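Please look over the sequence and the coordinates shown here before reading the notes, which are arranged by topic for use alongside a viewer.

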Amino acid sequence: MEQMKAAGFPEGFLWGSASAAYQIEGGWQEGGKGVTNWDTFVRIPGKTFKATTGDVAVDHYHRYKEDIALMAEMGLKTYRFSISWARIYPEGKGKVNEEGVAFYQNIIDECLKYRIEPMVTIYHWDLPQALVDAYQGWESPQIIDDFVNYAKTLFTRFGDKVKYWITLNEQNIFTSLGWLTAQHPPGKFDDQKMFYQVNHHAFMAHAKTVLAYREMGGKGEIGASFAYTPSYALDCKPINAMAKANYDDLKNYWWMDVYAYGRYPIAALTYLRKKGFAPDMAEGDEEILRKAAKEITFMGVNYYQSCVCEYNPIDGVTPYGTMNTSGVKGSAQEVGIQGIYKNPANPYLLTTDWDWSIDPSGLWFCCREITSRYGLPIIISENGLGAFDKKTEKNEIHDEYRICYLKEHIKALGEAIEEGCQVLAYCTWSFTDLLSWLNGYQKRYGFVYVDREEEEGGTLNRYKKDSFYWYQNVIRTNGVEL
Ligand code: BG6
């Protein structure tokens, strides 16, 4: 394989990989865990690809030692994983489930045994069902205190060992899919007003958690992880340049500005007020958001693809075009907001089988934008390629396309670092294969192949892919050999 020299990664750079509880753990009714919104949602016919669930997932609940040993063999410097709220508080609040605490304590200790820095996501989408039953979960401001209570329990129990905290994973995605496209729980369609309200509650939960962490004496790194899809204007036609500006305000800065500045972007807020969709804020909220913004120490970025922006006529496409969840190339439809912007395909980029554009430069743009706009250090908390992998009879997986994808993205990241962006960590998605929320088990992301299909019943054995050995060498050489 051709060896390429990357730009310099700093000493102590955290080469990592990421996962999320629902997508790997399984053991959905074990260890005193409560039922979550996802446990409920996947049982509604038609909601997931071939009705896949995370009931067993890739059985990390029982195999975490094997998985972490593989991470150690690879030389991983950090492992980002999420904690399932319902394992800590089966009812969302009230009595702590000690078995759940012990499970995550074991994971953290296992990581530390191998000098792998644990990076904890407090919320990666699985919400205790009890809180949905009690007050509709994120729709009520009551969730703010319950979230902070849960997070404080994590700080108390794990704060001496965990130095990296991610409050929320992709708030923009779980709320869009939950309240606009009905693809995630609670499966609401086109509820714009509630979408912005839910987001405001999530911002407040994030902000109060950040403040609580500091009040409790937490000195580690804390921030949120955002699904950042940077944009390019279709061309220099002013109306398309404005479509890009509108897209950025509504789809990116709406979240990142709140995390980093504690305020909503003004043009987007004005537009949403006119439409009647702007969130209601309680007295004092803005001050809390501003205070918390001063306490975050990084912007977490999950980067998969970039997009193109073009003016969208008033009778143009809607946000509700079909998403490709089958891996049949070309089945995704164009989306946009009528009268504002739309996202046509980029003719200069290749796409994955799920129609996601492949654009290493996009990662570079993300870093540049965050550095210039917010002056914050960056954690790339996810980046990776979902693909159909095939295991040979000799149990080998030749995923050179994944190596190529990651290599180009790491090169782009190196360029951003050379230009002065402060990047603390790079986590690939994902370490082992795992459940893709809407795309089943056939969309694989891992360095480690897991023997299972949509149906339960595979051996769940782990097999190292070619990309495993490749990333091992990237880490060993601190990104010099790609
Ligand atoms: C991110 C999520 O949106 O992207 C992950 O944080 C998710 O949980 C990943 O799995 C890849 O998305 P998908 O839809 O291909 O599984």
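The briefing below begins with confidence, then takes up the ligand site, the buried polar residues, the backbone geometry and two helical positions.

This is a predicted model, and the protein averages a pLDDT of 97, with 99% of the residues scoring at least 70. A ligand is present, and 15 residues lie around it. Several of the residues described below recur from one topic to another, among them Glu170, which is one of the residues that come nearest to the ligand and which also has a positive phi.

**Confidence**

- Over residues 1–6 the pLDDT stays under 50, although the model has 17 contacts beyond four places in sequence for this segment.
- Where pLDDT is low, predicted coordinates should not be read in detail.

**Ligand site**

- Among the 15 residues around the ligand, those that come nearest are Gln23, Glu170, Ser436, Lys443 and Tyr445.
- By class, the shell around the ligand is made up of six nonpolar, six polar and three charged residues.
- An N or O atom in the side chain of Glu170 is 2.5 Å from an oxygen atom of the ligand, while a polar side-chain atom of Gln23 lies 2.8 Å from a ligand oxygen atom.
- For Tyr304, the corresponding separation between a polar side-chain atom and an oxygen atom of the ligand is 3.4 Å.
- The ligand taken alone exposes 380 Å², of which the protein buries 91%.

**Buried polar residues: His124 and Asn302**

- His124 lies in the loop that runs between β3 (117–123) and α6 (129–135), and it counts as buried because its relative accessibility is 2%.
- The side chains of His124 and Asn169 are joined by a polar contact of 3.0 Å.
- Beyond its neighbours within four places in sequence, His124 is in contact with Ser19, Ala20, Gln23, Arg80, Ser82, Asn169, Glu382, Trp429 and Trp437; of these, Gln23 is also among the residues that come nearest to the ligand.
- Asn302 is found in strand β7, which covers residues 299–302, and its relative accessibility of 1% is the reason why it counts as buried.
- The side chain of Asn302 is likewise joined to that of Asn169 by a polar contact, here of 3.0 Å, so that the side chain of Asn169 makes polar contacts with both His124 and Asn302.
- With residues up to four places away in sequence not counted, Asn302 touches Arg80, Asn169, Glu170, Ser225, Phe226, Ala227, Tyr228, Ser381 and Glu382.

**Backbone geometry**

- Glu170 has a positive phi of about 45° although it is not a glycine; this residue is found in the loop between β4 (164–169) and α8.
- Glu170 counts as buried because its relative accessibility is 7%, which falls under the 20% cut-off.
- Asp355, also not a glycine, has a positive phi of about 65°, and it lies in the loop between β10 (341–342) and α13 (360–374).
- The peptide bond from Pro185 to Pro186 is cis, with omega near 10°, and Pro186 belongs to the loop between α8 (171–179) and α9 (192–215).
- Trp429 and Ser430 are also joined by a cis peptide bond, for which omega is about 10°; Ser430 is found in the loop between β12 (423–429) and β13 (448–450).

**Two helical positions: Tyr22 and Ala292**

- Tyr22 has its place in helix α1 (residues 21–24), and it counts as buried because its relative accessibility is 6%.
- The side chain of Tyr22 reaches the backbone nitrogen of Gly54 at 2.8 Å.
- Residues touched by Tyr22, leaving out those up to four places away in sequence, include Trp38, Asp39, Val42, Gly54, Asp126, Leu435 and Trp437.
- Although 61 residues separate Tyr22 and Ile83 in sequence, their C-alpha atoms are 9.0 Å apart in space.
- Ala292 is located in helix α12 (residues 285–293) and, at 2% relative accessibility, counts as buried.
- Outside its neighbours within four places in sequence, Ala292 is in contact with Ala207, Val210 and Leu211.
- The C-alpha atoms of Ala292 and Gly262 are separated by 7.2 Å, while the two residues are 30 apart along the chain.

Notes: Residues numbered from 1 in each chain as written. Predicted model: local features only at pLDDT ≥ 70, side-chain atom pairs only at ≥ 80, totals over all residues. Heavy atoms only, no water. Helix = DSSP H or I, 4+ residues; strand = E, 2+ residues; numbered from the N terminus. Buried < 20%, exposed > 50% of the residue type's maximum accessible area, 1.4 Å probe, protein only. Polar contact = N/O pair within 3.5 Å; in protein donor to acceptor, adjacent residues only side chain to side chain. Contact = heavy atoms within 4.5 Å. pLDDT = per-residue confidence, 0-100. Near = heavy atom within 4 Å. Areas by Shrake-Rupley, 256 points an atom, 1.4 Å probe, with all protein chains shown as cover. Nonpolar A, V, L, I, M, F, W, Y, C, P; charged D, E, K, R; others polar.
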